[in-house]
Amino acid sequence: MSPTTTAAGVVPDVLRERVKGAVLEPGRPGYEEATQAFNTTVVQRPPIVVVPEDEDDVIAVVDVAREHGLQVAPQRTGHNAAPLEDLSGVVLLRTDALRGVEIDAERGVARVRAGSKWEDVVPRASELGFAALHGSTPDVSVAGYALGGGVGWYARRHGLAANSVTAIEVVTADGRLRRVDHAHEPELFWALRGGGGNFGVVTALEIRLLPVAEVYAGALFFPWERSAEVLHAWLDWTATLPEEVTSVGRVLRFPPLPEIPEPLRGGSFALVEAVVLGGREHGERLLAPLRALHPAMDTFDVVAPVGIAELHMDPPEPVPYAGGGQMLGALDHDAIDAFVALAGPGSDSPLLSAEIRHLGGALRRAPEGHGALATLDCEYMTFNVGMVLDDEGRAAIERRVGEMEAALAPYDAGREYLNFAEAPTDASRFFAPGAHRRLREARAAYDPAGVFRANHPIEPAEAALS
């Protein structure tokens, strides 16, 4: 009897006997909601979905899957779900119910359960005078974001979120709940921080918070027709900045939807978004060269860390989209010309957003005690996305994303970023060669039979299996 046949018959009943949480199958109430990816064009059809109530449920799911030859795919919000592809023979383990955040203000550490999103962490931390290394939207899972690396608004000064993790609670393929850190099973701790979901089901993690009570942050909006002028000026500006500034140069076209406020609704803009670690005087001095271009709208102000949670204006709910990006080295003005030619005025671009993130700084220095993803060895990173309304629209978006990547190929850094890889990708491209070999050895040590299914799988090292 094949694993899929087993899953359709025996396994759901076994799981219902052994877990307290919901066990869902196709056609049953709750299944469609539980399988919804953040990208609504991605259709997930696993034979079983389990929503565990606690860590004991997670252990039971792993044990049952292993005993019946199935895989387990942990998931919270379903971001970056497309690379999972066919889920036949897979138990989709949704961590939605494993929510909770505890902040130890004296230590400057937050314990975050696997079902929590940044919206559960950032406001509470901000109230206590702390910031976290969160990303561009509050709707992303803390665990998934951090395990894949985590590039956020403080990245040029404080590096990757993965390396702010101080401890992880994880159920491994043998059904053991382990707490790992620098002193306890350090190799597994190293692998989890940047290696994604290849090594177990994370049930909680502890993250180091930043003692930051306020930042100077916002966006400058310019007419779309000035895209070339603005992005050329932004590129020159980034060459002058201290690491306390993380910024994005962007072309953004708002759809004409009623939930989008005027005067943004249906408009097209060139933007510069930035967060400055420092006070108003420091921020205004740094921003002066761009303000001299006379933006149509200027939202910069001193805000508490929670005030930047939605600075990037990502959609808060699942949407149909297609996109992709690349890691880049140093850019010149020819690169900006190529970018604007494909995304700016006169380009007939199907993209809603085309952005270049300024990286470098701390992201290029491996911190002491780092995880598998020590650095992002690039100076800039792009991400381009469009809304998919039909097959023809999807094809147009994918074609333009490919054209953008080809145009910027001379600047390509030779690596990819796991959290932005929206298609199946050779995992070796995410890591330095030595780190990828070490990750394969860790997979062989902790999950040799491949119990866990990650969106970007790291294959176990063959030598370690023999």
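Student: Which residues of helix α10 are buried?
Tutor: In this predicted model, the buried residues of α10, which runs over residues 333–343, are A335, I336, F339, V340, L342 and A343.

Student: Why do they count as lying on the same side of α10?
Tutor: They cover an arc of only 170° around the axis, and therefore they fall on the same side of the helix.

Student: And which exposed residues does the face turned away from that side carry?
Tutor: That face of α10 carries D334 and A341, which are exposed.

Student: What do the buried residues of α10 pack against?
Tutor: Their partners are two helices, α8 (227–238) and α11 (391–407), together with the strands β11 (245–253), β17 (353–358) and β18 (380–387).

Student: Which residue caps the N-terminal end of α10?
Tutor: D332 does: one of its side-chain oxygens lies 3.1 Å from the backbone nitrogen of D334. D334 is also one of the exposed residues on the face turned away from the buried side.

Student: Let us move to α3. What is found at its start?
Tutor: A side-chain oxygen of D54 comes to within 3.2 Å of the backbone nitrogen of D56 there.

Student: How many residues of α3 are buried?
Tutor: The count is 10 of 13, so α3 is largely enclosed by the rest of the structure. The buried residues are E55, D57, V58, I59, A60, V61, V62, D63, V64 and A65.

Student: What span should α3 have, and how far apart are its end C-alpha atoms?
Tutor: At 1.5 Å a residue, the 13 residues of α3 (residues 55–67) should span 18 Å. The end C-alpha atoms are 18 Å apart, which agrees with that expectation.

Student: What comes just after α3?
Tutor: G69 takes a positive phi of about 70° just after the helix.

Student: Now the core. Which residues of the largest nonpolar core touch the most other members?
Tutor: That core has 80 residues, and those touching the most other members are W118, V151, Y154, I168, L192, I207 and L376. Apart from it lies another core, of 40 residues, including L290, Y380, V388 and V401.

Student: Take I168. What does I168 touch?
Tutor: Leaving aside residues up to four places away in sequence, I168 touches L147, R178, R179, V180, F189, L192, R193, V202, A204 and L205.

Student: How many aromatic pairs are there?
Tutor: The count comes to 8 aromatic pairs. One of them joins W118 and Y145 edge-to-face, at 5.7 Å centre to centre and with 90° between the planes. The pair links distant parts of the chain, 27 residues apart: W118 is in helix α4 (residues 118–127) and Y145 in helix α5 (residues 142–147).

Student: Is W118 buried or exposed?
Tutor: W118 counts as buried, because its relative accessibility is 3%. Y145 is buried as well, with a relative accessible area of 9%.

Student: Why is the pair of F221 and F269 edge-to-face?
Tutor: The ring centres of F221 and F269 are 5.5 Å apart and the planes are at 90°, so the pair is edge-to-face. F221 belongs to strand β10 (residues 215–223) and F269 to strand β12 (residues 268–276), 48 residues apart along the chain. Both F221 and F269 are buried, and they form one aromatic cluster with F254.

Student: Finally, where does A183 lie?
Tutor: A183 lies in the loop between β8 (177–180) and α7 (186–195). A183 is exposed, with a relative accessible area of 62%. The C-alpha atoms of A183 and E355 are separated by 40 Å, and the two residues are 172 apart along the chain.

Key:
Residues numbered from 1 in each chain as written. Heavy atoms only, no water. Helix = DSSP H or I, 4+ residues; strand = E, 2+ residues; numbered from the N terminus. Buried < 20%, exposed > 50% of the residue type's maximum accessible area, 1.4 Å probe, protein only. Core = buried A, V, L, I, M, F, W, Y, C linked by side-chain atoms within 4.5 Å. Contact = heavy atoms within 4.5 Å. Arc of directions from axis to C-beta. Polar contact = N/O pair within 3.5 Å; in protein donor to acceptor, adjacent residues only side chain to side chain. Expected span 1.5 Å × (residues − 1). Phe/Tyr/Trp six-rings, centres within 6.5 Å; stacked < 30°, edge-to-face > 60°.
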